Structures are given as C-alpha cells and as structure tokens.
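Trainee: I'd like a close look at one part of this protein rather than a quick tour of everything. Please pick a spot, start right there, and show me how its surroundings fit together.

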Amino acid sequence: MSISIRLEGGALAAAIGLTACGGTSSGSAATPTPEPTPYVATDSGFSAIFPATPARSTQAINQAGINATLTLYQATTNAEQVAVAFEQLPVAPQGDAIQASLDGGVVGSAKNVNGTVVSKSNAQFLGQPAEDAVIQAQASVIRERIFFNGSKLYVLEGITSSMDAKHSAYDKLLATFKTI
C-alpha cells in the first residue's frame, strides 16, 4: 500500500516538474480547439461553417425572362474556395421541372466557367432532391451540389486547382449546411 502511494506521489511530482519546465506529462489534457461557429445568413435562409468569414455579394440576373437577385457567399483559403449561391425563385419547381432545373443548373455552371461536366449524380440533401457535379475548367475543378428548398435555390461549391486536390472546406460546408 505504501509503495503505490509513493509511486502516485512521484508521478504527481514529475507532472509538476514537467509543467514548471514548459513540458507536459502524458496524463495531462490538452486544451481543445474550439469548434468553428457556423455563419448564419438569415436573409438567404441558411447556416454553415465556412473556412473563414465569407464575403457576401449580390448580382441581378435574368433567367427565362424573370429578373432575380443571386446572393453569393464566398470564403477562400490557400488551397480551396467555397461558396454558397442563393436565389429566391417566384415559384417552387414541381414534378419533372425539379430534375430539369437541377440538370440545367449544372450545365449553366459549366458554361459560366467555360468548363466541362466530368461527372454528375442525383442525390438527396436535407430531404430534397439534389444534384452533385464535378466540373473541370481551366486551372480549376469545381465540386458542386445544387438543390431546391421550396422556392429557394441553393448552389454549394468547392473550388480547387486539380482533380486530386482535397476538398476539406467544401466537405465541412456540406456537413454543416442547414436551412433556417
């Protein structure tokens, strides 16, 4: 019994000594890094974790004769750019128009960057039909998810310089994206 007490006391003294010298003992707990706070875009009805505070901009657009405003949220790191585009539509697409609009969105994204659709697939996101695509353009690769939430259109993107580049910020954006 007295041996274990001495060992415990010795271990405590060693931990104090390491701390005093600037070291740590293997039994000490590191200070956890706080989780990033989601960015909340109340005017566009979503929250998500971006790698940095996104820059917000708007652009007037005309689609099929309908004037609308596209709101864009962009954040950039050294290796990746992530973005969320939001558009409030006058009406929610219904039936076959949903898939046709998703397909058209992917084609439009590729056209806007003079790129080529490398792959696309249907998905479910937040309980809604969605389309995932990979678009290759000059010196960039775009991973994209397009979906509707009622009459709200969302386009989530991760942009890197090559096909094999990691998309960690985009993956985090997708994992934390919520409509509000």
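Mentor: Start with Thr76, whose bridge partner in β5 is Gln81. Keep in mind that this is a predicted model. Thr76 and Gln81 form one such pair, and seven bridges in total join β4 to β5. The two strands run antiparallel, and they make a hairpin with four residues between them.

Now follow β4 back to its other partner. Strand β4 covers residues 66-76, and it pairs with β3 in the antiparallel sense over nine bridges. One pair to find on your screen is Gln63, which stands opposite Ile66 in β4. This is a hairpin too, with two residues between β3 and β4. Click on Ala64 in that turn: its phi is positive, about 50 degrees.

Let's zoom out to the sheet. It is an open sheet of seven strands, and its order reads β3-β4-β5-β9-β8-β7-β6, with antiparallel pairing. Which strands stand at the edges? They are β3 (55-63) and β6, and each has a single partner strand, so one side of each is left without a neighbour in the sheet. Neighbouring strands here are turned against each other by 20 degrees on average, if you ignore direction.

Further along that order you meet β9 and β8. They pair in the antiparallel sense over nine bridges. A pair worth clicking on is Val141, which stands opposite Thr160 in β9.

Next, what packs on this sheet? Helix α2 does, touching β6, β7, β8 and β9. The direction of α2 makes about 20 degrees with that of β7. You can check the length of α2 yourself: at 1.5 Å a residue, its 17 residues (96-112) should span 24 Å, and the end C-alpha atoms are indeed 24 Å apart, so the two agree.

Which residues of α2 are buried? They are Leu102, Val106, Ser109 and Ala110. These four cover an arc of only 100 degrees around the axis, which puts them on the same side of α2. What covers them includes β6 (116-125), β7 (128-137), β8 (140-149) and β9 (152-160). Turn the helix around in your viewer, and the face pointing away from that buried side carries the exposed residues Asp96, Val107, Lys111 and Asn112. Just after α2, look for Asn114, which takes a positive phi of about 50 degrees.

There is another helix to place against these strands. Helix α3 (residues 168-176) lies across β5 (81-88), β6, β8 and β9, so our starting hairpin strand β5 comes up again here. Helix α3 runs at about 155 degrees to β9.

To finish, here's the wider setting. The protein has three helices and 10 strands, and from the N terminus on they run α-β-β-β-β-β-α-β-β-β-β-α-β. Among contacts between residues at least 6 apart in sequence, 45% join residues at least 24 apart. Of the 180 residues, 34% are buried. The accessible surface comes to about 10,700 Å², and 56% of that belongs to carbon and sulfur atoms.

Definitions and conventions. Residues are numbered from 1 along each chain as its sequence is written. This is a predicted model: local features need pLDDT of at least 70, side-chain atom pairs count only at pLDDT 80 or more; totals for chains, interfaces and linings use all residues. Side-chain values use heavy atoms; hydrogens and water are left out. The expected span of a helix is 1.5 Å times one less than its number of residues. Buried means under 20% relative accessible area, exposed over 50%, partly exposed in between (1.4 Å probe, protein chains only). The arc is that of the directions from the helix axis to the C-beta atoms. Contact means heavy atoms within 4.5 Å. Two strands pair if DSSP finds at least two bridges between them. Axes are lines fitted to C-alpha atoms, for helices over the stretch in contact, and angles run from 0 to 180 degrees between N-to-C directions. Accessible areas come from the Shrake-Rupley method with a 1.4 Å probe; for residues, only the protein chains shown count as cover.
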